[in-house]
Structures are given as structure tokens and as C-alpha cells.
Amino acid sequence: LRILGTIMIPYLQGGLTLQNGRMNFLELPLSKINSSIQVKPDAIAISVFQLNIGNSHYHVQADVAMDGLQPQQLIIDDFRFVKAQVQDLITLTFGWLTHMSQLGQEVAVPQQLATLISGQLSGNFSSLIPLALFYKKPSHTSTFDLEVEDLRLNLHQPAGPDPRPPIGARGRFGTIVNTQPLHLKLQDQRLTLDSFTLVSSPLASITDLNIASGKPPIRARQLQVTGLGSWQLGQALDFGFAATNIDLQTLIQLLSLDQAVPKDLVIDGRIDTKLQVSGTVTTPKIALNWQAKTPITLNQTEADTFEGQMVLDGKHIFIGNESKPVRVKIGHNQLLFDLEIDGVSQEDGSTRQQIGGRLDLQAQDLSVLPLLFPQFGYAGGRGSVNLTLGGRLESPKLKGFAKFQKVKLNLPDLRINIEQTEINLDFTDQGIEIRELQGQLNNGRYKIDGWVKSKWSPTEDRTLTDLNV
């Protein structure tokens, strides 16, 4: 390799050949590195560059346009990857992000991403990438064309105490494959994601689906993910995704929500979701809608309806709304809920979160309680709860009431038997006023009134009682 020309206009000339090279990069074992590179005054021609990472194979043909010693643009004519491991690509991606970040700050791989997903993909990639951004205005804008021919993702169960049934058990999805090539293209400052379909399958890869004979049939309980969209760079986003037959037990495991679900509550069923992404990169609007595909099993009963919407719009978060609240219906009992969180910027640069919402419960048949919670021997009665929420997230304000009639509850383990109980509660900013709480307790009579005082604050855990029993 030689430097020729003059001091004012130098250029490179020569070549580089490497055979059977090996190295360790980001703790990844690179082997069988073969390259043939020719350096000319106006370009570096990479006619061959190939390597293996484990059993994965990568092959690149590219050119680097040069202006003297300064690279102008990278033209990737053909970048092919065969059985590329998802974990390796994640490591390389976050390694590159660390390299590009300011001050060399490490960009850590999210632990969930690293432990929950594995798999492989095969395909090809071509691109034009301007490199002279710091020298002069590039003559071309970035382009690329990515096609993933064969995708296989494995979803793993997170480790933890007392795990739920493993993913893949009883026909649950553990492997996701594509039914047609995935195509992502950037041209004329427009990023386009062509329509795609992913399905859960016990099959090894897309080749087993025999797509030449047409699209494979989607089974009634098979996960299916579809999507498409586009983005005019610097302008509006327009992406839409849909997923059907999402298994709730699998979703709970993937999101590590096991600890949030009581151990004695078994949740089973499937939901459909739609995700819409609009707005811009700096001010995106993300809307997620969900609806139960089949009745959701909760221990020994079922939720006939489970539907709702969550919207992230700038600093505003909406979980349901007045016209379309989150709705859960179990038999003759129905819960409606909506919440708005509004981030308000303060003079000191901090953000204060204002909240507003409501909760409406119509319980026409409390006999469902033993089917939900095995602690109850039997239950009965009816009633309603109506609450409104306001104030700030750190100091909420609560108002509303709860009224129940002819309540009866049996707790065998505690040897408590309640009959003919009337309940009338008022919720205020200061706590709960017990207007009426009386009935039969273990064949005797009881009556309670007074106050349970609370600030309803998650940061101020102090409750005072002033009760007459």
C-alpha cells in the first residue's frame, strides 16, 4: 500500500489480501476471514470480504469512493448473511452504538432482550452511505435495501422462582417464522417497510412452510403478527402492526410480570392487539388497542370482555378515555376504567405529572368471588363503586363512593362468616368515611362507622383510623 501524489493532493494505491484470518471482536469469535481489496486513486474496491461467526456466514462486496485520503461514500453492492444469529447481531449493534455514542459511553444491551430472544436469519443487504458529512455536503443521500429471506426467532422463558408453565407447553408458541421475505428499503429519504406476516410455528424455518404453493393456513390458535408502514425522514411516521392470538400466559412471562400476578390466580386466554405509530420521531404518537380473542379464564370463571386502549402522545398518556374506557366484564359484573397522565413542565426544568380518571364498578353478582379467589367459601350480594381521580401523581385526589347491599362472605380459613351486610363508603381527599358498615358476623351483630384517613400518596404511607366498632 503506497501513498502517491503530492502533499496537497495525496492518494492511495495498492492492495490487501487476507486468508483464513481469525480475531476476537466484542467477545465474538470471528474466523475464516478472507478478503481481497484493491486500492485505486479514486476508490477502494472490496471484491471479497467474508467471515464466519460460529456457524453464521457473512459475505460482502463493496466500494468506498475516495477524494484523496478522505472517504466520500460507502457503496455496499451485496452483503449476504446466512444463519446469522440474532444474539450476535444484537451484540454487534449495541457495540456500534457504543462506538458512535458521545464520550465513548457504553450502550448496554437490555437484559430482557438478551435473555428472551434468540434465533437466526438469512438474507441480503445493499446500501449507499455518505461518509463525507464533515468535509462537504454529500452528493448522494443514504439508501439501503434489506431483504430477510428466512427468519426464526425463539422466545425463552425468563428464569425466576416458581416459574409458570414453560413457553411452548400445551401448544403455546415458542418459535416465530416469516411466511414471506421481509423487505425494508430506504430511498429518496423515505423508509418503507413492506407488508409482512410472522406466525408461530413448531417448524424449523420458512423452507418448511412450502410457501411456493401459497400462504400457509393460519390455525385458529396460532400467533400471527402483521405490519407495514413508511417514514419520510424528518417528517411523519406511519406504521401499523397487528397481532392476533397472543397467549396471555406467554405474554406475562415475556414481560416478567409473574411476580405482579398472585400465585393462586391462573390467567389463561388470548388477545388481539393493534399498534399504530404516527407523529414524528421527536414527538411520536403511539396507540395500542387490545381485545380478548376468547373469554379470558381467571381461575374457575371467565371474563367475557377485556378491551381497551392506551395512547402515548408527547407528554400525555391516555389509558382508555371517557368514550372508550378499559372494559372488563365477568358475568353480570362490569369494570370501566380510564386514566390520563399529563406531564407539565416546570420553571426548574422538571416535569409535574397531572392525573385525571375514573373507575366505575357495577357488581350485580358477588357470587363470582369464590371462583376468582379460593380464599372465599361463598359470597353474595350486589353493589357499585364510582371513583374519580385528580391532582398530581405524587399527591392524588380521590372522590367517590361505594355502596353494597345484602353482602355475604365466608372465609373458612379465618372462620369468618358475614351475612346481611350493608356497606356505604365515601371517598375523599382525606380518606374514607364509613357512613354505614353493619350486618351479621358469625351469628352475632356488628356495626362500624368513622374514618380511615389517608393522603392516597404512594410516597406517604401513613394511615390513621378513627372508628367506632
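Modeller: Two strands count as paired if DSSP finds at least two bridges between them. The model here is predicted, and strand β29 is a convenient place to apply that rule.

Biologist: What makes β29 and strand β30 a pair?

Modeller: Six bridges link β29 to β30 (residues 463–468). The rule asks for at least two, so the two strands pair, and the sense is antiparallel. Within this pairing, G450 stands opposite L467 in β30.

Biologist: How do you know that strand β27 also belongs with β29?

Modeller: By the bridges again: β27 (residues 431–441) and β29 (residues 449–454) run antiparallel and are joined by four. I434 has G450 as its bridge partner in β29. G450 therefore has I434 as a partner and faces L467 in β30, under the definition of pairing used above.

Biologist: Why are β14 and β18 called edge strands?

Modeller: The sheet is open, with three strands in the order β14-β17-β18 and antiparallel pairing. β14 (267–268) and β18 (301–303) each have a single partner strand, so one side of each has no neighbour in the sheet. Strand β17 (residues 296–298) meets β18 through three antiparallel bridges, and T297 stands opposite E302 in β18.

Biologist: Which residues touch the most other members of the largest nonpolar core?

Modeller: That core has 50 residues, and the ones in question are I44, L151, I267, I296 and L298. Leaving aside neighbours within four places in sequence, I296 is in contact with L248, I267, D268, G269, R270, I271, T301, E302, A303 and F306. Apart from the largest core lies another, of 20 residues, including V385, L398, L437 and I448.

Biologist: Why is the pair F239 and F241 called stacked?

Modeller: The ring centres are 6.4 Å apart and the planes differ by 5°. Pairing needs centres within 6.5 Å and stacking needs planes under 30 degrees apart, so both conditions are met. This is one of eight aromatic pairs in the structure. Elsewhere, Y58, F79, F81, F125 and F144 form one aromatic cluster.

Biologist: Are F239 and F241 buried or exposed?

Modeller: F239 has a relative accessible area of 12%, and the limit for buried is under 20%, so F239 is buried. F241 has 26%; exposed would need over 50%, so F241 is partly exposed.

Biologist: What makes K403 count as lying over the face of F401?

Modeller: K403 is at 5.7 Å from the ring centre of F401. The distance limit is 6 Å, with a further condition of within 35 degrees of the ring normal. K403 is listed as lying over the face.

Biologist: Q222 lies in a loop; why is Q222 called buried?

Modeller: Its relative accessible area is 4%, against a limit of under 20%, so the term applies. The loop runs between β11 (190–200) and β12 (224–232). The C-alpha atoms of Q222 and V199 are separated by 6.9 Å, although these positions lie 23 residues apart along the chain count.

Biologist: What do the figures for the protein chain come to?

Modeller: There are four helices and 30 strands, and 36% of the 469 residues are buried. The accessible surface is about 27,600 Å², with 57% belonging to carbon and sulfur atoms. Of the contacts between residues at least 6 apart in sequence, 48% join residues at least 24 apart.

Note on methods
Residues numbered from 1 in each chain as written. Predicted model: local features only at pLDDT ≥ 70, side-chain atom pairs only at ≥ 80, totals over all residues. Heavy atoms only, no water. Core = buried A, V, L, I, M, F, W, Y, C linked by side-chain atoms within 4.5 Å. Buried < 20%, exposed > 50% of the residue type's maximum accessible area, 1.4 Å probe, protein only. Contact = heavy atoms within 4.5 Å. Phe/Tyr/Trp six-rings, centres within 6.5 Å; stacked < 30°, edge-to-face > 60°. Helix = DSSP H or I, 4+ residues; strand = E, 2+ residues; numbered from the N terminus. Areas by Shrake-Rupley, 256 points an atom, 1.4 Å probe, with all protein chains shown as cover.
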